[in-house]
Amino acid sequence: MVSTRVLILGTLLDGPRNGYQVRQQLEIMGADSWANVAYGSIYHGLGKMADEGLLDIVESGRGGKTVYQLNETGRYEFFRLLMAIWYELKPIVDPFQVALTFMDRLDRPSLLDGLRGRIEQLTLGITSIERAIGTKQRYGAPRHVDENLILTKGMLEAQLAWCRQALQKVENGELP
């Protein structure tokens, strides 16, 4: 996956790291909440990118202790992929849209319960993000990492607004 490659390569811009250190850096950035990164794939990705000539092995070790360093080919690949992502618009895949597709298959009480539950979850999620903004810097993350949280908060707020409108439409018999 391109985003995983960019994340792994990007963590190595500041210097050599082993798989565990790459994971720690991604956790500090909060990548688990806005990127689909399976932490187990980090070790595989590092090995594969080393095989592809994007990374040099600085130190070999057992149990994830192999230390990798970004080389010039890897640095070029990082910036190439990074710029491609800036210009590429991809759909946001959200399973909730699958639920919307079949909202007409639910009875009215179930649909109302589902919307109310979603509203509650979205409200809690927004509150959680608001608390998290500004805290990642304490653990070494750069300030701009908060922009991911701000973007996520905005997307949740848009969905919350939609859910509130949909709830009203269902209550008024306008949906589904």
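This report walks through the pockets, salt bridges and small sheet of a predicted model.

## The largest pocket

Let us start with the open space. Rolling a probe the size of a water molecule over the atoms shows where empty space is left. In this model, the largest pocket has a volume of about 2300 Å³. Its lining is made up of 49 residues. If you would like a place to begin looking, S3, W34, A35, N148 and L151 are the lining residues nearest the centre of this pocket.

Which helices supply at least two residues each to that lining? They are α1 (2–11), α2 (19–29), α3 (31–34), α5 (72–87), α6 (96–101), α7 (108–132) and α8 (146–171). Of these, α8 gives the most, with nine residues. Sorted by class, the lining of the largest pocket holds 27 nonpolar residues, 14 polar ones and eight charged ones.

## The second largest pocket

The second largest pocket has a volume of about 190 Å³. Its lining consists of M1, T4, R5, I8, N36, V37, A38, S41, H44, G45, K48 and M49. Two elements, α1 and α4 (41–51), give two or more residues to this lining.

The largest share comes from α4, which brings five residues to the lining of the second largest pocket. By class, the residues around this pocket divide into five nonpolar, five polar and two charged.

## A salt-bridge network between two helices

Now for the charged side chains. Side chains of opposite charge can pair when their charged atoms come close. Across the whole structure, a search finds ten salt bridges. One of them joins E130 to K153, with their closest N and O atoms 3.5 Å apart. This pair ties together distant parts of the chain, since E130 sits in helix α7 and K153 in helix α8, 23 residues apart. E130 is partly exposed, and its relative accessible area is 40%.

Where does E157 lie relative to K153? Both are in helix α8, four residues apart, about one turn of the helix. Their side chains meet in a salt bridge, with an N to O distance of 3.5 Å. E157 is partly exposed, at a relative accessible area of 35%. Through salt bridges that share partners, E130, K153 and E157 are joined into one network.

## The K90 and E88 pair

Another salt bridge brings together the side chains of K90 and E88, at 3.9 Å from N to O. Is K90 in this pair buried or exposed? K90 has 56% relative accessibility, so it counts as exposed, the cut-off being over 50%. Its partner E88 has a relative accessible area of 46% and is therefore partly exposed.

## A three-stranded sheet

Finally, the strands. Strands of a sheet pair through backbone hydrogen bonds, either parallel or antiparallel. Here, three strands form an open sheet in the order β1-β3-β2, and the pairing is antiparallel. Why is one side of β1 and of β2 left without a neighbour in the sheet? Because β1 (17–18) and β2 (55–59) stand at the edges, each has a single partner strand.

The pairing of β1 with strand β3 (residues 67–70) is antiparallel and runs over two bridges. For a residue to look at in the structure, take N18, whose bridge partner in β3 is V67.

Methods. Residues are numbered from 1 along each chain as its sequence is written. This is a predicted model: local features need pLDDT of at least 70, side-chain atom pairs count only at pLDDT 80 or more; totals for chains, interfaces and linings use all residues. Side-chain values use heavy atoms; hydrogens and water are left out. On a 1 Å grid over the protein atoms alone, a cavity is a set of points where a 1.4 Å probe fits but cannot get out, and a pocket is an open set with protein on both sides within 12 Å along at least five of seven lines; lining residues have an atom within 4 Å of a point. Grid points are joined across faces, edges and corners, and a volume is the space filled by probe spheres set on the points. Ala, Val, Leu, Ile, Met, Phe, Trp, Tyr, Cys and Pro count as nonpolar, Asp, Glu, Lys and Arg as charged, and the others, Gly among them, as polar. A salt bridge is a side-chain nitrogen of Lys or Arg within 4 Å of a carboxyl oxygen of Asp or Glu. Buried means under 20% relative accessible area, exposed over 50%, partly exposed in between (1.4 Å probe, protein chains only). Two strands pair if DSSP finds at least two bridges between them.
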